[in-house]
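Work through the exercises below with the structure open beside you. Try each task before you read its solution.

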Amino acid sequence: MAIGYLTIQARTAQEAVPLSGVQVNILDNEGNRIYRLETDADGNTQTVPLETLDRSYSQNRYFTGTPFFSYSVQALADGFDSVLVTDLPIYDGETAVLPVVLVPMAQKQRSPHQEQISIGKPAAAMDTVRHQESNSDAVRILRQVVIPNPITVHLGPPDAAARNVQVSFIDYVKNAASSEIYPTWPQAALRANIYAIITFALNRVYTEWYRSRGYFFDITNSTAYDQYFVYGRPIYDSISQIVDEIFNEYVRRPGQNAPYFTSFCNGTTVTCAGLSQWGTVDLAKRGLAPLAILRSYYPNDIEIVQADAVSGVLSSYPGAPLKEGSSGLDVQTVQAYLTRIRRNYPAIPAITDRTGSFGSSTKAAVETFQRIFNLTPDGIVGKGTWYKISSLYAAVARLAELDSEGNTLGIGTVPPNTVLRQGSKGQDVLTLQYLLNVASEYYPGIPGPVQDGIFGSGTAQAVMAFQQANQLAVDGIVGKQTWEALYEVYLGIGEHIPPSGSNGSTASYTVQAGDSLWLIAQKYHTTVDAIKSLNGLTSDLLNIGQVLKIPVEQGGTAPYIEYIVRAGDSLWTIAQRYGTTVEAIMRLNGLSSDALRIGQVLKIPAQADTPSSYIEYTVRAGDSLWTIAQKYHTTVDAIKSQNGLSNDMLRIGQILRIPV
């Protein structure tokens, strides 16, 4: 049986606020719980393996079954509405990253609501007929190709009464590609399809295809009109890495600025005049490059060019990657942004390099940021990393700005008693616009209006989106019910969102025979005083079975994950699957025999949360390859080989892979 992988990221406020302690259940297609996980200080769970079908099935256009296994994920947190994601596909060898956006409960809300999201098969496996219209009759055309950030997506056909969501363009492309095609396809086929997806979306924006017709969105998620997009779906690593590299590159004809209309269909159950998604697989297997594949379906003179302008960002990409040894204002910008982001994501290490100089501590901060946000952890600030840092900085800075504005406006807890509608002006309109802007940070379907004290069309649109999200009469008029709902949402956010920079992480540890505070502190890279302070201890005495809270090192996770025993399991098979030992599992669970029972919950050592052949170790003062090798019962040569080292030199903060 093949294995795929899944990790969950629980965040809110456009990822500005990571949510720790979120309980995550992973269920099979019969509703049986396979894993019970908990998010760490960065809002991430461990990566866990899941059974699925061999990748060859999803590469075969003639296979009529479902070429993957599906699972469900439930995320629960005190003070937040829950999320249930069903029919989540897991592919052989692919890591799926599921972003879970949790919405704070309103102040008077007695119990959490549950949002249910169904994923299912990609569009390439559907038989929906595509009616993608070109831009030949477009009335308004922009002067420049600009990457829209965010892009507004309508979750239904153009005239359907569906909500709109705003997402970053990079996240939109990753989502659309994960929704349209199989992530197991050859690299050249993936790139060709992603170029078509990027260009199609940019064509809609450039021609103002929907906005020129009076709609308040840029594109729909209907496969009949546009391209597939499933809000809240998982993103696959193979797709994510390509998008980070090429998200601002698009297809055009020579001498034309406009993105070419790259229509497409699956090419099997549905045919069209544009690109065949399954046909790209055949061409990639024949060795064709992405551009050659595209030219097989579109005019032979098309070219791939870059759009340098990205809207909604504070600083544009400098044009060349920043890395260790770089210097200047762009490095200073990265350092300043990461330092501010670190207050919300404490796992990012402090930058101690000279301002504007990209040294080892800047590299360590970049690498940690990349790991947290599922970017290639190479310590180099390329396009994808630059724009992720920039967008996240904008998000955390925006929250701080809103906090300050709220104090200035003196919002209080009692709503105004005025009735506002389009054309209204004054202080109460400013209050309304402020509340809508706060709500827009946590509700992806609510746009943030300009705070100018004038109730114009933008404010009316935001009011109607808020009313729709809160099941009120959608009339665009702010009366008693809408005011009360706005205040309940606003006060609920204040109650349930942790203060910026206060996000910490602890782990639970059960004292075993032979333990001491010093040994436990060494194991978790903390201090005896830190453990005593956290647990209110006045002496070093411990009792077997005593449960301690352990302050987890920045970037650390809980000391174990939980696994539910299924039919056919044994301690040996579980240990092999997670890259640990039978003895380690028995010791962690206090087992005296190998006997297991179906449904039993086992603790699995977290350093082996995925079936890999190494663990990661951060070099500290006084370390040498020899002392590290002794600590982990391996050899200096094995560590050097695992890390591609040519000498024995180490630097503090360096991440080493240690063979298990």
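**Exercise 1. Compare the span of helix 2 (187-206) with its expected span, and decide how covered the helix is.**

Step 1. Know the ground rules. This is a predicted model, in which local features need pLDDT of at least 70 and side-chain atom pairs count only at pLDDT 80 or more, while totals for chains, interfaces and linings use all residues. Residues are numbered from 1 along each chain as its sequence is written, and side-chain values use heavy atoms, with hydrogens and water left out.

Step 2. Fix the terms. Helices (H or I, at least four residues) and strands (E, at least two) are DSSP runs, numbered from the N terminus. The expected span of a helix is 1.5 Å times one less than its number of residues.

Step 3. Compare. Helix 2 has 20 residues. From first C-alpha to last it reaches 28 Å, close to the expected 28 Å.

Step 4. Check the cover. Buried means under 20% relative accessible area, exposed over 50%, and partly exposed in between (1.4 Å probe, protein chains only). In helix 2, 19 of the 20 residues are buried.

Step 5. Look just past the end. Glu 208 takes a positive phi of about 50° there.

**Exercise 2. Find out which residues of helix 4 (residues 277-285) are buried, and what covers them.**

Step 1. Count. Seven of the nine residues are buried, so helix 4 is largely enclosed by the rest of the structure.

Step 2. Name them. The buried residues are Gln 277, Trp 278, Gly 279, Thr 280, Val 281, Leu 283 and Ala 284.

Step 3. Find the cover. Contact means heavy atoms within 4.5 Å. The cover includes helix 1, helix 2, strand 16 (264-265), strand 17 (275-276) and helix 5 (290-295).

Step 4. Move on along the chain. Gly 287 follows helix 4, and its phi is positive, near 95°.

**Exercise 3. List the pairings of strand 1 (2-12) with strands 5, 8 and 2.**

Step 1. Recall the rule. Strands of a sheet pair through backbone hydrogen bonds, either parallel or antiparallel. Here two strands pair if DSSP finds at least two bridges between them.

Step 2. Tabulate.

| Partner | Sense | Bridges | One residue pair |
|---|---|---|---|
| Strand 5 (48-52) | antiparallel | five | Ile 3 and Glu 51 |
| Strand 8 (95-101) | parallel | seven | Ala 10 and Val 100 |
| Strand 2 (17-18) | antiparallel | two | Arg 11 and Pro 18 |

Step 3. Check the cover. Ten of the eleven residues of strand 1 are buried.

Step 4. Look at the turn. Strand 1 and strand 2 form a hairpin with four residues between them. Ala 13, in that turn, has a positive phi of about 55°.

**Exercise 4. What is the strand order in the open sheet of three strands, and what packs on the sheet?**

Step 1. Read the order. It is 12-11-13, with mixed pairing.

Step 2. Find the edges. Strand 12 (164-167) and strand 13 (219-220) each have a single partner strand, so one side of each has no neighbour in the sheet.

Step 3. Inspect one pairing. Strand 11 and strand 13 run parallel over two bridges. Val 153 has Ile 219 in strand 13 as its bridge partner.

Step 4. Add the helix. Helix 1 (residues 169-180) packs on the sheet and touches strand 11, strand 12 and strand 13. Axes are lines fitted to C-alpha atoms, for helices over the stretch in contact, and angles run from 0 to 180 degrees between N-to-C directions. By that rule, helix 1 makes about 40° with strand 11.

**Exercise 5. Ala 13 and Gln 471 each have a positive phi. Is each one buried or exposed?**

Step 1. Recall the background. Most residues other than glycine have a negative phi, and most peptide bonds are trans.

Step 2. Take Ala 13. Its relative accessible area is 1%, so Ala 13 is buried.

Step 3. Take Gln 471. Its phi is about 55°. Gln 471 lies in the loop between helix 10 (457-469) and helix 11 (480-496). At 78% relative accessible area, Gln 471 is exposed.

Step 4. Now a cis bond. The peptide bond from Asn 149 to Pro 150 is cis, with omega near 15°. Pro 150 sits in the loop between strand 10 (146-147) and strand 11 (151-154).
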